[in-house]
4 protein chains.
Amino acid sequence: MTNPDDDTPRRAHTGRRRNEDARRAILDAVLVLLAESGGAPVTIDTIARAAGVGKQTIYRWWPSKGAVLLEALTGLAGDVVSPPRGETLRADLTSFVTATFRGARAESTAAVLRSLVREAARDPHAADLVRTFTESRRDALRALLAGHPDELAPDADLDLIVDQLYGLFWYRFLLAHRPLSDEAAGALGAALAAQAGAGSVRP
Amino acid sequence: MTNPDDDTPRRAHTGRRRNEDARRAILDAVLVLLAESGGAPVTIDTIARAAGVGKQTIYRWWPSKGAVLLEALTGLAGDVVSPPRGETLRADLTSFVTATFRGARAESTAAVLRSLVREAARDPHAADLVRTFTESRRDALRALLAGHPDELAPDADLDLIVDQLYGLFWYRFLLAHRPLSDEAAGALGAALAAQAGAGSVRP
Amino acid sequence: MTNPDDDTPRRAHTGRRRNEDARRAILDAVLVLLAESGGAPVTIDTIARAAGVGKQTIYRWWPSKGAVLLEALTGLAGDVVSPPRGETLRADLTSFVTATFRGARAESTAAVLRSLVREAARDPHAADLVRTFTESRRDALRALLAGHPDELAPDADLDLIVDQLYGLFWYRFLLAHRPLSDEAAGALGAALAAQAGAGSVRP
Amino acid sequence: MTNPDDDTPRRAHTGRRRNEDARRAILDAVLVLLAESGGAPVTIDTIARAAGVGKQTIYRWWPSKGAVLLEALTGLAGDVVSPPRGETLRADLTSFVTATFRGARAESTAAVLRSLVREAARDPHAADLVRTFTESRRDALRALLAGHPDELAPDADLDLIVDQLYGLFWYRFLLAHRPLSDEAAGALGAALAAQAGAGSVRP
DNA sequence: ACATAATCGAGACGGTACGTCAGGTCTTTTG
DNA sequence: CAAAAGACCTGACGTACCGTCTCGATTATGT
């Protein structure tokens, strides 16, 4: 049986392999630069210089600046995710929100997040990646909700709940008019759990 | 009564006045260009050219491109706002959300909104203005909520409700993963009205 | 007899007269600014501001920036000219050259001269005025030469001598590779007097 | 003998090399544009456009517009120089002057020369380069004079002669009040040769 | 062993947009 | 009706990044 799998190209690879050190150096440089830049935009040239790498090495492996940022971010986010599995929906929801808010309060994550959005705002490629990324987060959240079927009203609009959660998160994160505090996380978790249990109100 | 302030400067303005035609031409050109551009970024040169105006005239009155977009937008938004005054909180909330969603569905408004965000993503000046703008929208919404004191639980977290509403709005608007439909507006209005009435749940 | 003189127009002037103070303020401001600027270009706005005058007032009376500079210059040059009248051609020539060189060494004159050339380099109007100005200087020099007919060879090429003198002057003045010293003035005066007496050499 | 300096850099050049085609295209475009423009100023954008080159490629290699013009000019001047070597000083001088005048009469050269001066008038960088350029021309002329030591008076002021020649040249070239004719060249050559032979006149 | 092939750092390239500056004109109010 | 103030249009400037394209050098297979 011929294996059409991803990592089995028809013809074995010839030539020099990708330099893993370079990859790491680039992602690290991105994080360092973002942390130092204090919100100022980071350019490709700067990243390449800081990583001791040619620009082409970046463009060879990532389609755009935003893609690099995104990869750097997911590396970071992996630590934070920790899908909770508790007794009640409200507890799970609250701990999920709290973790999310805390991740965004860490300056290291926040800087990447912010730059990522900046990039997505003008690079359609980056925008696509952000869309995929946020999609996967929503899926995770939806799975969490689905894990408590007995606490969900039959006609509960899960998408509405998910989008309220992430909407509020991004809205506060980007505008920073109000902190992403643990208190807010608790209140939001409780409110959304209540919404899920109540279901849609009859018109 | 001599009132020396407000509109009574000690010495009248001397020199040529600001050309109101130019101002209108610029704002109009922005709207037209955005509508035509189909999401592509619009440059200052293009605006100036289309308005039959020198670039400097734009920079004389607005600190950045985003500021122009914002002014163009508020001109548009003024028509949409229409603060409702109905019987129930739920009805008012729903009609407010519906109006907001509908405004964003109109391509003319949506294009400006989108470009505005794009600008804010890289022009700190524009970002500030967006902050002010969104602040005023939140205030309007909060006023609407405060207009129904008897339907609010004593410990209701109005800021949370406001941010859930606008958070979801922007989240869906920018990611476009789900439509800002009238149905969604109804559901959101109902859910938030219920939340406001229930107040915070005890931990 | 009607006097066609400059300041007696046929029909009495109607309306406000030209403000002589403004004229002087402008010319003075030019000189001051040039002296202070140390060679840096001086703009019309700066002049207007320094003279406490509207830009239009400058353009009402002078066709371009260069024209203002030129008028400021001729005011200065008038003091320096002093057409000499001595015994010998050589003495007269030497004292003429010396006076010219000395005028250019005075920083006040030099700054104007330099800015004037700068202007002429890109303002055709100013260039015309410079042409007229230099023409008048050449005429003065030619008159000086003609004042010693007995010391001139019949076929002496006066234009050549004049241009050698002023050519060297401007060349050294603008390039500043060699000083416009009194010694140089003496040597040049002597050499040109000799040349004038010898006439053209047969080919 | 290991000599690590001069033309033996430790590490060979890395990165893409300068594109010689672009360099030529730029210089050619300058000449063509100047010839066509008929004295009107030529902008960097126009040059870049005409050469099919990015503006930055010009700024990468030349510090200012004047520098580009100068390089274009020296390319042209190289053909004209032809240091003469004849029997008499007068003959050499005359042919040198004649060649110089003729070069300036050719519209192709004249346009570059004129624009070069225009640039030098406001770009200090270009002014420096012009100074270097004229310096080299004076050196060439001084070498020519030194080639006839027996025809020079012991106290002859060579610099004065050199500056008379080039002074007259530029003076007539820029003011254009009198042509740079072959006749003038002959007369000037003869006069200066006589000056050189006579030496300084005693005071 | 030696050709083939892909990667790497470096950096030049064509472009697009930016925000600034100066010039010269036009307009309003004051004296 | 001139003058001061100052807004206006024009057009060039020099800079910042972008994403692509060479370079020569450096690995890794394949034969």
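This section describes the surroundings of DNA strand E and the interface between chain D and chain C in a predicted model.

DNA strand E is surrounded by 47 residues, the closest being R17(B), Y59(B), K55(C), K65(C) and W61(D). Of the atoms of the strand that come within 4 Å of the protein, 66% belong to sugar and phosphate. The surface near DNA strand E comprises 21 polar, 17 charged and nine nonpolar residues. Helix α3 (55–61) of chains A, B, C and D, together with α2 (44–51) of chain B, each contribute at least two residues to this surface. The greatest contribution, five residues, is that of α3(A).

Polar contacts to the strand involve both backbone and side-chain atoms of the protein. A backbone N or O atom of I44(C) lies 2.9 Å from a phosphate oxygen of DNA strand E, and a polar backbone atom of G52(A) is 3.3 Å from a phosphate oxygen. A side-chain N or O atom of R16(D) is placed 3.4 Å from a base nitrogen of the strand.

In the contact between chain D and chain C, each chain contributes 33 residues. About 2,900 Å² is buried between these chains, with carbon and sulfur atoms giving 58% of the area. L160(D), D163(D) and Y171(D) supply 21% of the area that chain D buries against chain C, more than any other three residues.

Four salt bridges are found across the interface of chain D and chain C. D163(D) forms a salt bridge with R172(C), in which the closest N and O atoms are 2.5 Å apart. On the side of chain D that touches chain C, α8(D) gives the most, with 12 residues. The residues of this side divide into 17 nonpolar, 11 charged and five polar.

Terms used: Residues are numbered from 1 along each chain as its sequence is written. Chains are lettered from A and ligands numbered from 1 in the order in which they are written. This is a predicted model: local features need pLDDT of at least 70, side-chain atom pairs count only at pLDDT 80 or more; totals for chains, interfaces and linings use all residues. Side-chain values use heavy atoms; hydrogens and water are left out. A residue is near a molecule or strand if one of its heavy atoms lies within 4 Å of it. A polar contact is a pair of N or O atoms within 3.5 Å; within protein, one must be able to donate a hydrogen and the other to accept it, and residues adjacent in sequence count only if both atoms are side-chain atoms. Helices (H or I, at least four residues) and strands (E, at least two) are DSSP runs, numbered from the N terminus. Ala, Val, Leu, Ile, Met, Phe, Trp, Tyr, Cys and Pro count as nonpolar, Asp, Glu, Lys and Arg as charged, and the others, Gly among them, as polar. Contact means heavy atoms within 4.5 Å. Buried area is the accessible area (1.4 Å probe) that two parts lose on being put together, summed over both. A salt bridge is a side-chain nitrogen of Lys or Arg within 4 Å of a carboxyl oxygen of Asp or Glu.
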